[in-house]
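The following report looks at a few local environments in one protein model. Please keep the sequence and the structure at hand while reading.

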Amino acid sequence: MGDHQNDDVFSFFTTPNDSDFSSATTATPSTLFNPSSYSYSSSSSGDESQSQSHPSAPSLDDSNKRIDYMIQFLDRRLSQDGNSDAIGSDTSPDGGSDSLPEFVGKCGGAGIFKVPIRSAVHPNRPPSLDVRPHPLRESEIGRFLRTMTSTERQLWAGGEDGGLKVWDFEGLYGSGRGLEVEVEDTAPYRESSEMEMGSSVVCMVGDEGSRVVWSGHRDGRIRCWKIREDYVIEEALSWQAHRGPVLSIAISSYGDIWSGSEGGALKVWPWEGLGKSLSLKVEQRNMAVLSIERSYIDPRNQTSANGFANTLTSDVTFLVSDHTRAKVWSASPLTFALWDARTRDLIKVFNIDGQLENRNDMSVFPDFGTDEDANMRIATASRKEKSQSSLGFFQRSRNAIMGAADAVRRAAVKGGFCDDSKRTEAIVISADGVIWTGTANGVVMRWDGNGNCLQEFSYQSSGILCMFTFCSRLWVGYSNGTVQVLDLEGKLLGGWVAHSGPVIKMAIGGGYLFTLAYHGGIRGWNVTSPGPLDNVLRAELAGKEFLYSRIENVKILAGTWNVGEGRASTDSIVSWLGCAATGVEIVVVGLQEVEMGAGVLAMSAARETVGLEGSPLGQWWMDLIGKTLDEGSSFVRVGSRQLAGLLICVWVRSDLKPHVGDVDAAAVPCGFGRAIGNKGAVGVRLRMYDRILCFVNCHFAAHLEAVSRRNADFDHVYRTMAFSRLSSSLNSGAGMLRNIFLSCSVAFLAYRFWPIHWSLLLLISSIAASASFGVSVPRGGNAVNAFEARPELSEADMIVFLGDFNYRLDDITYDETRDFISQRCFDWLREKDQLRAEMEAGNVFQGMREAIIRFPPTYKFERHQAGLAGYDSGEKKRIPAWCDRILYRDSKSHLGADCSLDCPVVSSVSQYDACMDVTDSDHKPVRCVFNVKIARVDESVRRQELGNIINTNKKIKVMLGELSKVPETVVSTNNIILQNRDSTILRITNKSEKHIAFFKLICEGQSIIEEDGQAHDHRARGSFGFPQWLEVSPGTGIIKPNQIAEVAVRLEDFPTVEEFVDGVTQNSWCEDTRDEEVILVLVVHGRFSTQTKNHRIRVRHYPRGCASAKKHYDDRSKTSGQTNALHRSDYQQLSNTLDVVEQLKEFAQSIEEEPPLPWKGLL
């Protein structure tokens, strides 16, 4: 699917119904999972923490709008008089007195001609929370949002201008009106100041341990952000990390920041240096930046000896931390590298096929020389060509073309333009430690922790751009705007069209999966979707449509004219468009035969190959019409497209411009092998009030007998017109180079072969043009679900076709036609109209409407002869015909449909005529005025209504309560002592009979144990990372009902204090002999819950000997009277089977009966 389809199109998949819930507790939406919702106020026995989020109270403005919408809704209901349009008959579409009767073509309700599904809440996708509704592209130029992450309480997004936007989860249901937001429908947010904006934000990662967000930028800097107490976004730290852009960033299990850049550059920034800098005062941090910039570790310094040096030269586009095994994955599009997060050693390098790459002489791409070498070879070749004048013409032509081809080949290979259908576009790690990657051809790949590919899945042919995983689910975002949900076995659970553009980033928080589209819109989807909660929300929200929808009335003037390679006078333009434009909001003009001839067509085809279009003559026409419309004051030109002699241009009234945007243009050649623009179509698509309108100017095959060719031209245009190829623009370098090569070849051959014969030039031009236009693949392709692919035009809410369709009159002579015209007997002539007959048979313009023609045929006339006497009276005496027509299709799919969110665009025709007094061409200009009603959604009010439903509906609260349950778990100990590389097994038991438990071990902080045995100098760790001396494996995992998970807690080597300068350690050995303590927190949550049950485990290590440890614990026992610490000798060799469950349950019960006293100085 393309990237500009409307968001309310059909869903690819049906959503399965989950089992009903018989009993549950109440809950709010915030009890659904937020990965960073860690609350440490609980005791080790598992106290629960829960946060509430409530929708903001509606503002006075929103309340007034609700009343206005309700009144408008009642007025529409009261004004309905029961009139409806009769499909296929000559009746008015809405029964209005000012509307003309219409004829409607057959077969408009099936296949690609079926009106797309629209609804207040789409029936085949979950209800969404529109955090940031689809913004108009024109308002986002230079500041599109390109990345996103989440923290415990906020959603963060970074833009191309370096600015940040932050949404609080508690305020997502609120109104943005009255705040300084760029779109009034956007949920309230905070934005970084312009003074702190820098280079484009490329990547972001949240750090809950430090309560900050780290961002990587295009200029190579890493910035640290936090929100002050006065809710202002502040830059806490910033330093130059790389020479090139920071392409990826991740935080390891040990709190270190890993960053990747171009050319394989990879750096590790130890938390010790970063934490020290963050603890400084603001005025002292600038001095710390210099030391930070030199404190990095370059893990590649250790790879040369292992034979991996030449394999790590590709851009590090992805970094993912494996908290299960304490490893880090770095990835380029074609290779992966696996690193140890603690030692920063390289473990393994392998490609996308899973094959090892461990040879020094191996590189990802062959060496084709530097740019300087290539330039020297080209210059040398050029001098040789000049000296070898004896070569013949064809030999020189061959050399020039082959030289250009060689330059393209070398540049393409050097830039990595190869068969990249399997290139990696996304990588994530699930709770069970499985790595998931997504490729450009839509394949989902499943890997184990050692880099072995386990399985591949293909549910879409579109490219994967992002992935996200939580608990038992995996979300996949595609370039066609689709989101799919998979389980951890790779089974497809559901999917839907989430956006009208590629989904480029995902984040989770506040009970929602947030998706960021390429156009900058952000939507939230309930993490339980697809599920039974969707149906309840959908029904409740659809029942309140009248509270958040309104109708806008717009007039559109469409005009078409075959100008016959001539130029018009100002009086002709005024007669055609000037008077009719009064009171009109949109003007659409389509011209045919602006300029023709073999040379024009050939050069037009050559220009198209490099994305160039337009001509001075086309610009002259647009300026003339714009002057007539008072362009710049009353109207604004928003879009145009020219293909050889075809030209279309759109103007909108100035006061409507803020609501019009996302303007795209397209062209489809239909002449000479579907490559030359003497016949074909040009189109403009725009979005107005969040509805898609398309205008297509056509010029079809000529001659009386060419009916089937004209039908085929329409079918080709309708199926293949593609307004943009945004999803492929990321990898368009090879195509661009190919087009440059072809255009240069065409230009060269045009110069050489023009004197020979113009038909040969057209042949060559057609080949180049066909390479440029290519084959347009209709959007909606799916590798699993078989359905007819829908072209882009099918997804528009309204389409207007205008132009010289060239349909003639059948079974009538020239003299008979002239007689009927003179008597104005148009009813009988219409029965001879080829277009009407073909539409009645369902062969062309299926489902399109046209007002009943009441004007004389518009073709063919003698130039500059006024009146009906000007019809062709020459030797050929062409039979007059209605060649120039204007047809349309709106959202109406059944009899009597009224404008609503289910049928958002309803139109009628109030004027349809020809300007018979204009004599500048052999065609007469035609114009049509549409009265259009557009149903729009007030997203601010709708968002508030969604919040009210979720927080007040009892059924929903009961369902959420069941989904948010957290299984009960117990741990085998709360106190661990480590010394001399000790290793201890921590056992976690899931006591639930039916619910799966998901756990993660984090480090709340680190302290120094003084001589008195007390913990002092408590310091938080970055992203709750472990200290270097501690290894916890696995750090995350899944525990099935009535099962036990074992976690190894190990003291690694002797604790050392190391410093790095420019990637090299400065004190290779400096033992840390201090007694230290860390507080591990076992965070346990259910399948969809932010509600957690947390257990604290104290881990102490004593480098000074066990005597000190024993003394401290003996003292602790005397003061507290008890201890639940298990010494190493107390552990038995327990297995993972159920035969030890009862033993651990008894131990857990003993802990619950006698809870430990809190240690002084820790809580």
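## Packing around helix H9

The buried residues of helix H9 are covered by elements that include strand E30 (549-562), strand E31 (586-592), helix H11 (616-628) and strand E41 (926-937), where helices (H or I, at least four residues) and strands (E, at least two) are DSSP runs numbered from the N terminus. Within H9, which spans residues 570-578, Ser-572, Ile-573, Trp-576 and Leu-577 are buried, a term that means under 20% relative accessible area, with exposed over 50% and partly exposed in between (1.4 Å probe, protein chains only). Because the buried residues of H9 fall within an arc of 95 degrees when seen down the helix axis, they line one face of the helix; the arc is that of the directions from the helix axis to the C-beta atoms.

## Basis of the model

This is a predicted model, in which local features need pLDDT of at least 70 and side-chain atom pairs count only at pLDDT 80 or more, while totals for chains, interfaces and linings use all residues. Residues are numbered from 1 along each chain as its sequence is written, and side-chain values use heavy atoms, with hydrogens and water left out.

## Val-663 in strand E34

Val-663 belongs to strand E34 (residues 660-671) and is buried, with a relative accessible area of 15%. Leaving aside neighbours within four places in sequence, the contacts of Val-663 (heavy atoms within 4.5 Å) include Arg-137, Glu-138, Val-638 and Val-684. The C-alpha atoms of Val-663 and Val-684 are separated by 6.9 Å, although these residues are 21 residues apart along the chain.
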